[in-house]
Amino acid sequence: MHYGSIENISKSFGIRILFNNISFYIEEGDKIALVARNGSGKSTLLKIIAGLDTADSGTVWIHKDVKVIMLQQETPFDEEKSIWDNVLRLDNPLVKAVKEYEMFLEAETDDIDHLTELMGRLDEFNAWNFENDLQQILGKLNLHHLNEPVKNLSGGQRKRVALAQSLIEAQIHEGKCLLILDEPTNHLDVSMIEWLEDFLSAQKITLLLVTHDRYFLDAVCNEIIEIDEGKVFEYRGDYDYFLEQKSLRQEMQASELQKDKNIFRKELEWMRKQPKARTTKSKSRQDAFAVVEERVSQKKEELEVSLQVKMTRLGGKVLEMKKVNKAYGDKVLIKGFDYTFKRGERIGIVGKNGAGKSTFLKIALQQELPDSGKINHGETVVFGNFNQEGLQYKEDKRAIEYVKDFAEFFPLADGSKISASQFMEKFGFSAEQQYTPLSKLSGGEKRRLHLLSVLFLNPNFLILDEPTNDLDLQTLRTLEEFLLDFPGCILIVSHDRYFMDRLVDHLFAFEGDGMIRDFPGNYTQYREKQKNNTLTGSFIKQNEEPEIKQTKPQSTNSNNSQKLSFKEKFEFESLEKEIPALQKEKQEVEAKMAAGKLGFDELQKAAARIGELIELIDTKEMRWLELSEKV
């Protein structure tokens, strides 16, 4: 079945042309990855196909029986309504029945008659498969407090709610839909990404997505569509095949460009010698010259990525972390961590969201104090910190001016220098983009500018917290080549498995309860060992576990606590009561089960309640941690 046609569409913003007269087609079962540089119009093109934006010219046709569902980078929500109301927002009798059933279960009431009625309605709609899919999606995306208003959620939680919306809506339409996903893996931890890979691969679904995760792309997609210099190129195959075919195409273009340049030089010399009064024959040659001149002016040569860095000298002492402990209430993040970093080390940090990875980086940089322990920086260490806060600026200046505020030139290993403008070109900023105001840059372009401004300071110890989010694949390759040649220390937190596999020598794996394992290998090797239960590598902690100083939240009357809203303060205080109560209930249920006096049915109910309590405690502790960081 032919799902859709995109024919000769063009889009510009002012004088900036995103794409011009591009065409491609979508067939049932296609799983297409859209690849292009940041700022090339990927998100805009997806919105045009979804009917959320309009093209300057051309047509988009979608089959009348196909429902278009889109996950945007910024999804609009009804802020006052709950997660449930936003996820199950469809006016559909099946959805209403499932929603009412789930809300009844969450309320934990004993109205058997109402439960029987609800189950009968689910039978009537044959909705049990959908209900199972719903539970799976919400559970795997770690969405539990479904009556929580969306306005209280963090950025990562909102992204997961939006993803759940899209996946659930696609399930309702039973495959007769075009699912459009714009960076679906952002704000997901690796276990969630791996589940989403399996879920999308197994579904009979037609998919169009933008992603920077190359393993995800290979696992899910069977076609790649590239937008390059406003034109479309299609590749049937995986990411490696795409790179191979793109390289061949660029070689052919380079050869054609060289031929055109030779012709241009000869014709330019002829043009200069021609008298003012031209014959008809010379007029046709003049027109041919104009065509060649236009081709030469439009074609761009690819810049070499390699940068031989002249790094600031790094002494023998780099970074020491001695007996470091960090906890928030009962939530232990770091327990007796003791490590001395060596020159040239490349370490990846992995673990679930909320395990303490970003807190660890802040402690290493001395931006946050540990509960106990010491942090010692070497005298020659120059840190380059790429954090998740993104580009920070007070004045809306041009991109090139922002970079020049750090330095005018970047030193290379051979003693030469390149200008700020040349350095920006290496990271994909054309001359035109360099003079774009900061406020006019796309989200990916801002991330790219933030990254190159960190690198431009010529650090010898790079700390990168999720550097791959919102970067296009070409910029990721540029960054990887830069980091592979980088002679200093690198400490990386990333959910991009391909990026980690290429760059790191060993891992700090945050495995919960403050336990951090030093694993000798890359991420893929770690996951294979983890799945086979054959993990090696020591835990980085002292044999005698030091007492952990528990940090207490400050009084709600302090100045810092004004960052919390009234509702958040109330929620924070409630959680401090709820968590111990749940832990006590869990201990009581476990004691009853251990006594051996429960019947089979009672034992089953008790086991189910233990599972529910564990999930509730984990979720409430995570929420307490989020609020305590604001405090």
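This passage looks at one helix and at the aromatic rings of a predicted model.

A good place to start is helix 15, which covers residues 443-456. At 1.5 Å a residue, its 14 residues should span 20 Å, and the end C-alpha atoms are indeed 20 Å apart, so expectation and model agree. Helix 15 is mostly covered, with 12 of its 14 residues buried. Among these buried residues are Gly444, Glu445, Arg447 and Arg448, together with Leu449, His450 and Phe456. Arginine 448 also meets an aromatic ring: it lies over the face of phenylalanine 429, at 4.6 Å from the ring centre. After helix 15 comes asparagine 458, which has a positive phi, near 55°.

Attention now turns to the aromatic rings. Across the whole structure, a search finds 18 aromatic pairs. In one of them, tyrosine 235 and phenylalanine 242 meet edge-to-face, with 5.0 Å from centre to centre and 80° between the planes. Tyrosine 235 and phenylalanine 242 are both buried.

A further pair joins phenylalanine 341 and phenylalanine 461; the ring centres are 6.0 Å apart and the planes stand at 65°, over the 60 degrees required, so this pair is edge-to-face as well. Phenylalanine 341 belongs to strand 11 (residues 331-341) and phenylalanine 461 to strand 17 (residues 461-465), so the contact ties together parts that are 120 residues apart in sequence. Phenylalanine 341 and phenylalanine 461 are both buried. They also belong to a cluster linked by ring pairs, whose other members are Phe337, Tyr339, Phe360, Phe383, Phe508 and Phe510.

Methods. Residues are numbered from 1 along each chain as its sequence is written. This is a predicted model: local features need pLDDT of at least 70, side-chain atom pairs count only at pLDDT 80 or more; totals for chains, interfaces and linings use all residues. Side-chain values use heavy atoms; hydrogens and water are left out. Helices (H or I, at least four residues) and strands (E, at least two) are DSSP runs, numbered from the N terminus. The expected span of a helix is 1.5 Å times one less than its number of residues. Buried means under 20% relative accessible area, exposed over 50%, partly exposed in between (1.4 Å probe, protein chains only). Rings of Phe, Tyr and Trp (its six-membered ring) pair if their centres lie within 6.5 Å; planes under 30 degrees apart count as stacked, over 60 as edge-to-face and the rest as tilted. A charge sits over a ring if NZ of Lys or CZ of Arg is within 6 Å of the ring centre and within 35 degrees of the ring normal.
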